[in-house]
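Okay, thanks for coming, everyone. I'll put the structure up and then talk you through it.

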2 protein chains.
Amino acid sequence: MQIHPMWEAYPELQSELMQTIELMDSRIHLRNKSIEHALMDMMHTGGKLVRPAFTLLFSTFGEDHDPRRARAFAAAIEILHMATLIHDDVIDDSPKRRGQSTIQSKYGKDVAVYAGDYLFTVSFKLLTDYSNSMKQMQINTNGMERILMGEIDQMHLRYNQKITVRNYLTQISGKTAQLFALACYSGALEGGQSERFARNCYYIGSHIGMAFQIMDDILDYSQTAESFGKPVLEDVRQGIYSAPLIYAMRKDHSAFQVLLEKKEKITNEDTIKVQQLVTDLGGLDEAQQLAGKYTRKALTRINQLPDSPEKKIIRKVTMSLLDRTI
Amino acid sequence: MQIHPMWEAYPELQSELMQTIELMDSRIHLRNKSIEHALMDMMHTGGKLVRPAFTLLFSTFGEDHDPRRARAFAAAIEILHMATLIHDDVIDDSPKRRGQSTIQSKYGKDVAVYAGDYLFTVSFKLLTDYSNSMKQMQINTNGMERILMGEIDQMHLRYNQKITVRNYLTQISGKTAQLFALACYSGALEGGQSERFARNCYYIGSHIGMAFQIMDDILDYSQTAESFGKPVLEDVRQGIYSAPLIYAMRKDHSAFQVLLEKKEKITNEDTIKVQQLVTDLGGLDEAQQLAGKYTRKALTRINQLPDSPEKKIIRKVTMSLLDRTI
C-alpha cells in the first residue's frame with residue numbers, strides 16, 4: 001500500500017496512517033464488488049490524509065491513549081470526509097477528483113448518492129464500535145452534525161456577487177474548518193485529555209482548516225487544470241466565489257459583472273479572463289495574507305502544546321501544508 | 001398538528017406519534033430557514049408514520065420501557081427514512097412525493113443532497129443522545145448500515161429484463177423490509193426485552209415491510225397518477241422492475257421486450273401499454289398472492305406475542321395496511 005509521500009519523513013505516523021487505511025478497507029462490505037473496489041480505490045489514491053493524521057497526532061497527548069481507538073476515530077473522520085467529497089462531486093457533476101474519475105462519472109449519480117450515504121453509516125458505525133463512552137459518541141456526532149449544517153448553509157450564497165469576506169469565512173468554516181477542528185478535538189479527547197486542552201486543539205484544527213481551504217481556493221486561480229488534477233475555476237462556474245475573487249471584486253466589481261452574470265453558462269475563455277483579472281487586481285496576494293493570518297494563529301496555539309515529538313510533527317506538517325502563507 | 005387519520009382509532013398511540021413529530025421538529029436547526037421549513041413541512045405532510053408507530057408499539061413489551069427514549073428511537077427511524085426518501089428523489093428527479101413538491105424540485109439537487117446528509121446525522125445524534133448503552137447504539141447503527149448497503153446493492157439490477165422474483169425480493173428486503181425490521185427490533189430492545197424476543201419482532205417487521213413494499217408496487221400498476229400522488233410507472237422508467245411486471249414477463253416476455261428496451265426513453269403511451277399488459281397477464285393477481293404470503297407470515301408471528309392492548313393494535317394496523325392481501 002502507498003500513501004502520500006509527505007508522510008515519509010515521519011515513519012511512525014506513516015505506519016499508523018497505513019493501519020488506518022487498512023481499517024477503513026476492512027469496514028467496506030458491498031455485494032456489488034465493482035462499487036466496493038471503487039470506494040477502496042478512492043481510499044488508496046492520493047488523498048493527503050491530513051485530517052486522520054491530526055487525529056492520530058493529537059491523541060498522543062493524553063494518558064488514556066489507545067492506538068486502536070485513535071485509528072478508528074481517524075478512519076471515521078476520513079470516511080466522513082470521503083462521503084462529503086462523493087456528494088460534492090454529485091452536486092458539481094465533477095468528472096475528476098485527485099486526477100481520478102469520480103464515483104459519479106464512473107457509476108452514475110444513483111450509485112454516488114447511495115455510496116456517500118453508505119459511507120456516512122460506516123463512519124458512524126466505526127465511532128459506535130470503538131467509543132468507550134456515550135459522551136465520546138456525543139462529541140463526535142455533534143461535530144458531524146455541525147459539518148453537515150455548514151454544508152447546507154453555504155448553499156444560499158451561490159452566484160451572489162455581493163458576497164463578503166465575512167460570508168466566505170463562515171462558509172469555509174462550515175465546509176472545511178469544522179472537520180479539521182473535529183479531527184484534532186476528538187483525537188485529544190480520545191487520549192483522555194481535559195475538555196480545556198481539547199478546546200485548544202479544536203481551535204488549532206479550525207485555524208489550520210481555514211488556512212488550508214484558503215490555500216486551496218488560491219490554487220484554483222493560480223494553477224492550470226493539469227497540475228491541479230481537476231478543472232480550474234470550476235467553483236466559479238458553480239457560483240462559489242472564494243477569497244481571491246471576492247478581494248478582486250472589492251477593487252473593481254464592474255470588471256467581473258458581465259462575466260459572472262452568465263452564471264453556469266460562463267465559457268472557458270471567460271474563466272481565463274476571470275483568472276487574469278483576479279491576479280492583476282491583487283486578489284491572490286490578499287488571499288495569501290488572509291491564509292497567513294490563520295496559519296500564524298494556528299502556530300501560536302501549537303506552540304502552547306506541551307513539548308513532545310508529536311508537537312514537532314504537528315508544527316512541521318502545519319508549516320509544510322501552508323508554507324507559502326507565512 | 002395533524003397526522004395521518006389512520007391513527008385516530010388509537011388515541012394514546014396518536015398522542016405518542018404527535019410527540020415524536022414534535023421531537024423531530026425540535027432537532028432540526030438550520031440557519032437557512034426556508035430549508036428548515038421545507039424539512040418540517042415534509043415531516044408534517046401525510047407520511048403514514050408506520051415505522052415510528054411500530055417502534056413505539058414494540059417498545060411496550062419490555063420491563064425497562066421509557067417513553068422518552070422510545071420516542072427518540074422512533075424519531076431516529078423516521079428521520080432516517082426521510083433522508084433516504086430525499087435522496088431517492090434526487091436520483092429519480094421526482095417532482096412530487098405524497099402529492100407535495102420534493103425538496104429536490106423546490107430547492108435543487110444541491111440542497112436535497114445535503115439536506116438528506118444532514119438528516120442522517122440528526123438521526124444518529126438522536127440515537128447517541130438517548131441510547132443508554134453502547135450496545136443499543138451498535139444495534140441501531142448496524143441496522144442502518146445494512147439498510148444503506150441494501151440501497152446500493154439494488155442498483156445493478158436496473159433495466160435488467162432477466163430479473164427474477166428472487167432478485168426482486170432481495171432488493172425490497174434491503175430497501176424497505178430492513179427499515180421496518182429495525183423499527184420493530186430496536187423498539188423491542190428499547191423496552192428491555194430479550195434478544196430472542198426482539199429477534200421475533202425483527203422478523204415481524206421484515207415480513208410487514210415485504211408485504212408493504214409489494215402492495216406499494218402493485219399500486220404503481222393499478223392506480224392513476226392523481227390518486228397515487230406521484231407519477232405512475234415511474235419505477236419502470238427508472239429501470240426498476242417490480243413483482244407485477246416480473247410475474248407478467250414470466251408469462252410472456254416478448255410482449256414487453258420492445259417497450260422496455262427503450263429504457264428511460266419509454267413514452268407515456270408505452271407505460272399505459274405496459275400497465276394494461278401487466279393486468280391482462282395476471283401480474284397483479286400473482287403479486288397480491290405474494291404480498292398475502294408475507295402478511296400471513298407476519299400475522300403468525302404477531303399471534304405469538306404476549307397478549308396486550310398493543311399487540312391488538314399491531315395486529316389491526318398490520319391488517320389495515322395490508323388488507324387487500326389476506
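I'll start with some ground rules, then go through the pairing of the chains, the salt bridges, and a few individual spots.

So, ground rules. This is a predicted model, in which local features need pLDDT of at least 70 and side-chain atom pairs count only at pLDDT 80 or more, while totals for chains, interfaces and linings use all residues. Residues are numbered from 1 along each chain as its sequence is written, chains are lettered from A and ligands numbered from 1 in the order in which they are written, and side-chain values use heavy atoms, with hydrogens and water left out.

Let's look at the two chains together. How is chain B related to chain A? A turn of 180 degrees and a shift of 0.0 Å along the axis lay chain B on chain A with an RMSD of 0.0 Å. That's the relation of a two-fold axis. The superposition, by the way, is by least squares on the C-alpha atoms of residues with pLDDT of at least 70 in both copies. And the same surface serves both copies, as 100% of the contact residues of chain B recur in chain A.

Now the interface itself. We have 45 residues of chain B in contact with 45 residues of chain A, where contact means heavy atoms within 4.5 Å. Between them the chains bury about 4300 Å², and 69% of that is on carbon and sulfur atoms. Buried area here is the accessible area, with a 1.4 Å probe, that two parts lose on being put together, summed over both. Which three residues give the most on the chain B side? They're B:Tyr114, B:Met134 and B:Ile152, which supply 17% of the area chain B buries against chain A, more than any other three residues.

There's polar chemistry across the interface too: the rule finds 10 residue pairs in polar contact, both at pLDDT 80 or more. (That's a pair of N or O atoms within 3.5 Å; within protein, one must be able to donate a hydrogen and the other to accept it, and residues adjacent in sequence count only if both atoms are side-chain atoms.) On chain B, the elements giving two or more residues to the side that touches chain A are helices H4 (67-92), H6 (109-130) and H7 (134-153). Helices here are DSSP runs, H or I, of at least four residues, numbered from the N terminus. H6(B) has the largest share, 16 residues.

Next, salt bridges: a side-chain nitrogen of Lys or Arg within 4 Å of a carboxyl oxygen of Asp or Glu. The count comes to 25 over all chains, and three of them cross the interface of chain B and chain A. One to look at is A:Glu145 with B:Lys125, at 3.7 Å, N to O.

Inside chain A, find A:Glu16 and A:Arg71, whose closest N and O atoms are 3.1 Å apart. This pair links distant parts of the chain, with A:Glu16 in helix H1 (residues 11-26) and A:Arg71 in helix H4 (residues 67-92), 55 residues apart. Buried or partly exposed, which is A:Arg71? A:Arg71 is buried, at 14% relative accessible area, whereas A:Glu16 counts as partly exposed at 23%. The cut-offs: buried is under 20% relative accessible area, exposed is over 50%, and partly exposed is in between, with a 1.4 Å probe and protein chains only.

For a pair within one helix, go to B:Lys33 and B:Glu36, which meet in a salt bridge at 3.1 Å, N to O. Both lie in helix H2 (residues 33-44) of chain B, three residues apart, about one turn of the helix. B:Lys33 is partly exposed at 45%, but B:Glu36 is buried at 9%.

Last stop, two buried spots. B:Thr20, in helix H1 of chain B, is buried, with a relative accessible area of 1%. Leaving aside neighbours within four places in sequence, B:Thr20 touches B:Leu56, B:Arg71, B:Ala74 and B:Ala75. Over in chain A, helix H12 (residues 243-251) is mostly covered, with seven of its nine residues buried. What covers those buried residues includes helices H8, H9, H11, H13, H14 and H15 of chain A.
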